[in-house]
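Biologist: Happy to look at this one with you. Could you take me through the labels and the reasons behind them?

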Amino acid sequence: MGEVVVPIEDKSKHVLPLYLPPTPVPFQIITIKDTPGAAAGVSPPPQGVVNLSELESWLPLTESRNGSTFSAILHLLCSGIGFQVLFVPVAFASLGWAWGIICLSIAFMWQLYTTWLLVNLHEPVPGIRCSRFVRMSILAFGPKLGKLLAIFPVMYLSGGSCVMLIITAGSSMEQLFNIICEEGTMCGSMSLSGTQWFLIFTCIALIIAQLFPNLNSIARVSLTGAITSIGYCTMIWALSISKGRPNDVSYGIPVADRTGMTGFGNILNAFGIIMLAFRGHNLILEIQGTLPSDSKHPSRKSMWRGVMVSYMIIAMCLFPLAIVGFWAYGNKIPEEGILTAFTKFHGQDTSKYVIGLIHIWLTISCITSYQIYAMPAFDNLEFIYASSKKRRCPGWVRAGIRLFFGGVTFFVAVAFPFLGKLAPLIGGMAAVPLTFVYPCFMWISIRKPRPKGAMWSLNLGVGSIGIVLSLLLIVAAVWKLDDKGLNANFFRP
């Protein structure tokens, strides 16, 4: 026996689409027998109309629901630990010891709370699973507002993250090459351009993408990504301790940097760095969608166990990296992050193979993260094909879709190699609301807690604070771009 949810109108019958219909309709829960084609009160879908469960079984995000808590942990680690954590010590340089630790702790608990909200909203009605963030937004806010609020953030956090991974890994591969092939050596004269490094990374990522058809199948890739992410984070802070602090390290904030508009802007940018270090909320529902679920064993239980384990590991990487990074370099840490600081101050007395290993692990982490962040884009493109053709994507179409997406992300990376400078601005518009704001209002809209009750007041207050912070971060990012300018090196990575 199973349950599905179908919308009811006067005399017509519908099959629930992957994305909810443009007009809200009441829901009725009906029981469907396991006999094929038999339903209590529901006729089989008309010829040419695709059933929801059949359509979802064709798409990469929901093609396989045989995941486990262990696979969810791997996906969460791979998507949750990224190169953004290397910049958190920079935020401490503007906030100082006390406020840096306080803000990092608050942000960590805040995003953990919104993760809990999403996990418990995954199955808002018995028999229906929201395995895509856009669908959850439509269910919560309606078709028009839901799409308006969610499509751009999800697109940016999927495609935009892949572009940033290309830029970051391409730069890391170039530095690795320069470390191994020093000037004067035979290979030193064979250096490649930034575009060529971007192309090499994209080709490697797309080859791997062709080998794994769906999100559940990339668990081994996520395992590799989790190991390498933990590895380079741990190596950097451990080596920073062993090498000691450079001379004249100071932890005080210069008066010029803590007063007036400059100080206000630096504080807000530090908030932005910390908040953008937490990523992966656009994949929470998708990862949970790979887990089996029934009335006795709902997916939220196994997913929450995975969240708790993975976020403990993330905290063990993030907090030492931030605290040790600030302890080791203080206000001498450059805007490029702790890896640049380590290379600058300890590059001469550290084996080039050790530094090379850090870059190798960072590159592998970017390759594996590309797979999981690209999956929602693959899913959306295949949804367009499957819903129009009423059939599963053939292998050659799926391969073509992934090559097309890889080509687009490569082109954007080459065209806008300065995209990282715009991350605080775009992140304030997309990543911060999706991570810290939307889940709160989704809970109020879907679960409808008692007005002015504890959960209603908590989510309203937290969501409202998130909106204000998002607006302030956008203002601070615009002010910083106006103050320091932007080196817009189009097509010159």
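Modeller: Gladly! Buried means under 20% relative accessible area, exposed means over 50%, and partly exposed lies in between, with a 1.4 Å probe and protein chains only. This is a predicted model, where local features need pLDDT of at least 70, side-chain atom pairs count only at pLDDT 80 or more, and totals for chains, interfaces and linings use all residues. Residues are numbered from 1 along each chain as its sequence is written, and side-chain values use heavy atoms, with hydrogens and water left out.

Biologist: Why is E56 called buried or exposed?

Modeller: E56 has a relative accessible area of 8%; the limit for buried is under 20%, so E56 is buried.

Biologist: What makes E56 and R65 a salt bridge?

Modeller: The term asks for a side-chain nitrogen of Lys or Arg within 4 Å of a carboxyl oxygen of Asp or Glu. In E56 and R65 the closest N and O atoms are 3.0 Å apart, so the pair qualifies.

Biologist: And how do you know that R132 forms a salt bridge with E56?

Modeller: Their closest N and O atoms are 3.3 Å apart, and that meets the cut-off. R132 sits in the loop between helix 3 and helix 4, E56 in helix 1, 76 residues apart.

Biologist: Why is K484 called exposed, and E335 partly exposed?

Modeller: K484 has a relative accessible area of 53%, so it passes the mark for exposed. E335, at 42%, is partly exposed. These two also form a salt bridge, with the closest N and O atoms 2.9 Å apart.

Note on methods:
Helices (H or I, at least four residues) and strands (E, at least two) are DSSP runs, numbered from the N terminus.
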